Amino acid sequence: MSKMSYLTQKGSLSDVTFLYENTVQISEHNRHYEPVLGSSLGARTYLATLDRSFYTPSTPSNKILKYRRLDVLNKRKTTLEKKENSIIMLIRRVSSNLNIPKSARERAISLFLKCARKIAQSNKRELVLLAAACLLIAVRELKHAAPITLQEIVSAFNQNGVKVNPMKTLWTIKNIEQLLGNRIPLRSCKDYVWRLTQEAIKNPIVQKKLRELGIDPEIYKHRLALLAIMLLNKVEERKGGRRPLITALASIYAADRILAFRENHKPILTQRIIARIGAIAESTLREHYASLFKDIVIKETYLTMLRYVKGRSS
């Protein structure tokens with residue numbers, strides 16, 4: 001492939017990184033080179049994966065000069081800076097794989113650079129753990145807008161050729177708390193409700209049942225999510241140290257049973273369907289449902305029906 005054809009496929013010279021005072025702007029055409037990091041964290045420079053000898057008679061002299069200046073800065077990087085740059089590119093790839101919002105991705109990079117400067121860690125394994133922890137913190141801060149689990153982040157890092165231990169990642173978050181002096185927010189069960197409800201309603205079996213009953217899936221989805229959140233509010237003090245994702249799944253299962261009673265039809269969501277959504281065992285779902293929501297479901301269904309029957313008989 002010739003140099004000109006390569007540049008044409010990459011989006012011409014607009015993909016080249018340019019230098020403006022203390023901030024380096026990267027073209028939006030290349031997803032791995034698109035952030036803008038300010039000088040408060042130190043000027044960060046990146047070179048796109050273009051052939052260094054891209055000069056042509058039509059290349060403006062000012063672009064060539066800026067590229068040369070950036071190339072000089074790139075060669076002056078320390079070993080730690082080069083490792084940090086590779087970790088930042090890793091954060092971008094993981095964020096792209098998980099469809100993490102841009103605000104969370106940039107927050108993770110900013111937090112990673114801040115912590116890396118303070119601990120001055122040169123071990124790449126430790127830097128990768130720090131990156132995973134910062135990304136988890138960033139998605140937690142967005143709450144329901146980024147309902148990404150720790151297991152999904154670890155899996156995405158593994159798919160990119162980097163092994164990350166989940167428990168070590170959680171310990172790293174504790175170290176970040178001590179380092180920054182700020183308490184990291186825990187993930188709430190409510191953050192997962194909307195995402196899990198959408199996945200449940202998309203199931204073909206569920207769609208078929210809703211059509212047979214003549215129920216609008218969109219209306220049922222909103223009612224199911226709202227009722228699940230109400231149930232979670234009732235058991236706020238009883239959740240203990242349970243996993244938020246499983247607790248959210250159990251609340252959706254309980255909400256479906258209550259809605260089925262109110263609308264006089266059989267429950268639409270089965271334990272198997274809900275367990276497959278969260279990739280958990282059905283016994284785990286039953287245990288969470290029995291310990292947290294079963295008494296509420298009985299109160300809302302059978303006891304309500306008995307009171308109604310007694311009222312009619314009297």
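Is Ala279 buried or exposed in this predicted model? With a relative accessibility of 72%, Ala279 counts as exposed, and the views below, all taken from a predicted model, move from the chain as a whole to this residue and its surroundings.

**View 1. The protein chain as a whole, with its 15 helices and 3 strands.** Of the 314 residues in the protein chain, 43% count as buried. When contacts between residues at least 6 apart in sequence are considered, 70% of them join residues at least 24 apart.

**View 2. The largest nonpolar core, which has 41 residues.** The members that touch the most other members of this core are Ile91, Phe112, Leu135, Val139, Ile153, Phe157 and Ile176. At least two residues of the core are supplied by each of the helices α3 (79-98), α4 (102-119), α5 (124-141), α6 (150-159) and α7 (166-180), and the largest share, 13 residues, comes from α5. Apart from this core lies another, of 40 residues, among which are Val193, Ile215, Ala275 and Phe293. In soluble globular proteins, nonpolar side chains tend to be buried together.

**View 3. The surroundings of Leu135, one of the residues that touch the most other members of the largest nonpolar core.** If its neighbours within four places in sequence are left aside, Leu135 is in contact with Ile91, Val94, Ser95, Ile100, Ala108, Ile153 and Phe157. Beyond α5, in the loop between α5 and α6, is Lys143, a residue that has a positive phi of about 55° although it is not a glycine. Most residues other than glycine have a negative phi.

**View 4. The crossing of helix α8 (residues 190-201) and helix α10 (residues 217-234).** The axes of these two helices come within 10 Å and cross at roughly 150°, and the crossing of α8 and α10 is right-handed. On the side of α8 the contact is made by Lys190, Val193, Trp194, Thr197, Gln198 and Ile201, while α10 contributes Pro217, Tyr220, Lys221, His222, Leu224, Ala225, Ala228, Ile229, Leu232 and Asn233. By character, the residues of this contact divide into 10 nonpolar, 4 polar and 2 charged.

**View 5. Thr197 of helix α8 and its contacts.** Thr197 has a relative accessible area of 0% and is therefore buried, the limit for that term being under 20%. Leaving aside neighbours within four places in sequence, Thr197 is in contact with Lys221, Leu224 and Ala225, and also with Ile252.

**View 6. The two ends of helix α9 (residues 204-213).** At the N-terminal end, α9 is capped by Asn203, a side-chain oxygen of which lies 2.9 Å from the backbone nitrogen of Ile205. After α9 comes Gly214, whose phi is positive, near 70°.

**View 7. Ser251, a residue of helix α11.** Ser251 is buried, with a relative accessible area of 0%, and a polar atom of its side chain lies 2.6 Å from the backbone oxygen of Ala248. With neighbours within four places in sequence left aside, the residues in contact with Ser251 are Val193, Ala228, Leu231, Leu232 and Phe293.

**View 8. Helix α12 (residues 271-278) and what covers it.** The buried residues of α12 are Ile273, Ile274, Ala275 and Gly278, and what covers them includes α9, α11 (244-262) and α13 (282-292). Ile277, which also has its place in α12, counts as partly exposed at 22% relative accessibility. Leaving aside neighbours within four places in sequence, Ile277 is in contact with Leu196, Glu199, Ala200 and Leu249. Although Ile277 and Glu199 are 78 residues apart in sequence, their C-alpha atoms are 7.0 Å apart in space.

**View 9. Ala279, in the loop between α12 and α13, with Arg286 in helix α13.** Ala279 follows α12, and its phi is near 55°, a positive value in a residue other than glycine. Ala279 counts as exposed because its relative accessibility, 72%, is over 50%. Arg286 is partly exposed, with a relative accessible area of 40%. Arg286 and Ala275 are 11 residues apart along the chain, and their C-alpha atoms are separated by 9.6 Å.

Definitions and conventions:
Residues numbered from 1 in each chain as written. Predicted model: local features only at pLDDT ≥ 70, side-chain atom pairs only at ≥ 80, totals over all residues. Heavy atoms only, no water. Polar contact = N/O pair within 3.5 Å; in protein donor to acceptor, adjacent residues only side chain to side chain. Helix = DSSP H or I, 4+ residues; strand = E, 2+ residues; numbered from the N terminus. Axes fitted to C-alpha atoms, helices over the stretch in contact; angles between N-to-C directions. Left-handed = near helix turned anticlockwise from the far one by under 90°. Contact = heavy atoms within 4.5 Å. Nonpolar A, V, L, I, M, F, W, Y, C, P; charged D, E, K, R; others polar. Core = buried A, V, L, I, M, F, W, Y, C linked by side-chain atoms within 4.5 Å. Buried < 20%, exposed > 50% of the residue type's maximum accessible area, 1.4 Å probe, protein only.
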